[in-house]
Amino acid sequence: MKFRKGIQKAQDIRLNMTAMIDIVFQLLVFFIMTFKITAMEADFNVRMPLASEQVARPDEVLPTVIRVNLRAGGDRHIAGVDVDNEIQSMTFDQSDMFQRLTEFVERTLAREGDASTAPEVEVEFTIAEALRYKYTVMAMEAVSGKVLPDGTTKRLIEKIKFRSPN
Amino acid sequence: MRFHRKKKEIMEADLTPMIDMTFQLIAFFMIIINFSEVDRAEEIMLPTSRIAKPPEVLPDYRVILNLNEDGSLIFDGQRVERIEFIGSLLRREVSAAARVRVKPGDVSVIIRGHQETPTGLVQRLMAKCQEHELESFSLRVKEER
């Protein structure tokens, strides 16, 4: 058997990268130009079931309802909050009204006791039509929970309803 | 006078690290790019909240309604001048949800309301949605840290 004499010369194969680099840079520029930093968004859930003709069963435990009325004042700012939990009703119209609303909700929940045995507590809002939406959200925040000094959140009421404007 | 002829040398930079980095940057931007911009109207300033948290589970079907301060709406990139005119669009969404077997009651209506909007408009929008049997609402806020 005959072998070729000598060593084959190593061939230097080179790829032309120019076209690929062009495309890659164009893609990079596109992504950089379309990049937008957006703030995280979150939700408050509100369930507004349609009115039904279903009658509550006699053994059914009805939830305790905290009624919250938000009043609008001059320039559509909030004027005051009226609360009623079927036992006591109160009015808050100082600057710390939302904090007082949270305390009222906490007292109501403490009275109702353990969530597993006590009927549910829900909040029904009646809101002045002209009131700026940010105050509605502040009131919803006040009944939904509160931020504790250690930074954790204490959850209060999940069930929130809006009374239909009529 | 004698001149020395210089030997021509081909100078080639090693492009490998640059290409690596560029591909990593492209991958990064591709992952974080947000294609849902059409649902958001940037001119709407949402109210802020420290309590609200982003939803952990995405709804089966959602409708995002952007409500401006003047009562006009931006829905699916279209501008609707008044709340009363949104009926046909809601009907279309309810039919689209039914095609993927989602009942109107399970459709999540996300309301992105401007913080200065009169609350009455938000309630009117909800009432309009209720006419189309939509009853699950989420009021969207900006998360405050």
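In this predicted model, E1(A) runs antiparallel to strand E6 of chain B (residues 136-143), and the two strands are joined by seven bridges. One of the pairings puts Asn45(A) opposite Ser138(B), its bridge partner in E6(B).

The strand pairing is one part of a broader picture of how the chains meet. Counting contacts across the two chains, 41 residues of chain A touch 43 residues of chain B. On the chain A side, several elements chip in with at least two residues each: helix H1 (18-34), strand E1 (41-47), helix H3 (133-144) and strand E6 (145-147). The top contributor here is H1(A), which puts in eight residues. As for the chemistry of this side of chain A, 25 of the residues facing chain B are nonpolar, while eight are polar and another eight are charged.

H3(A), one of the elements that supply this side of chain A, also packs against a helix of its own chain. Helix H2 of chain A (residues 97-112) lies against H3(A) at an angle of about 35°, and the two axes are 8 Å apart. The crossing of H2(A) with H3(A) is right-handed. From H2(A), the residues making the contact are Phe98(A), Leu101(A), Thr102(A) and Val105(A), and they meet Met138(A), Ala139(A), Ala142(A) and Val143(A) of H3(A). Sorted by class, this helix contact comes out as seven nonpolar residues and one polar, with no charged residue taking part. Charged residues do turn up on the side of chain A that touches chain B, where there are eight of them.

Key: Residues are numbered from 1 along each chain as its sequence is written. Chains are lettered from A and ligands numbered from 1 in the order in which they are written. This is a predicted model: local features need pLDDT of at least 70, side-chain atom pairs count only at pLDDT 80 or more; totals for chains, interfaces and linings use all residues. Two residues are in contact if their C-beta atoms, placed from the backbone, lie within 7 Å. Helices (H or I, at least four residues) and strands (E, at least two) are DSSP runs, numbered from the N terminus. Ala, Val, Leu, Ile, Met, Phe, Trp, Tyr, Cys and Pro count as nonpolar, Asp, Glu, Lys and Arg as charged, and the others, Gly among them, as polar. Two strands pair if DSSP finds at least two bridges between them. Axes are lines fitted to C-alpha atoms, for helices over the stretch in contact, and angles run from 0 to 180 degrees between N-to-C directions. A crossing is left-handed if the near helix is turned anticlockwise from the far one by less than a right angle, and right-handed if clockwise.
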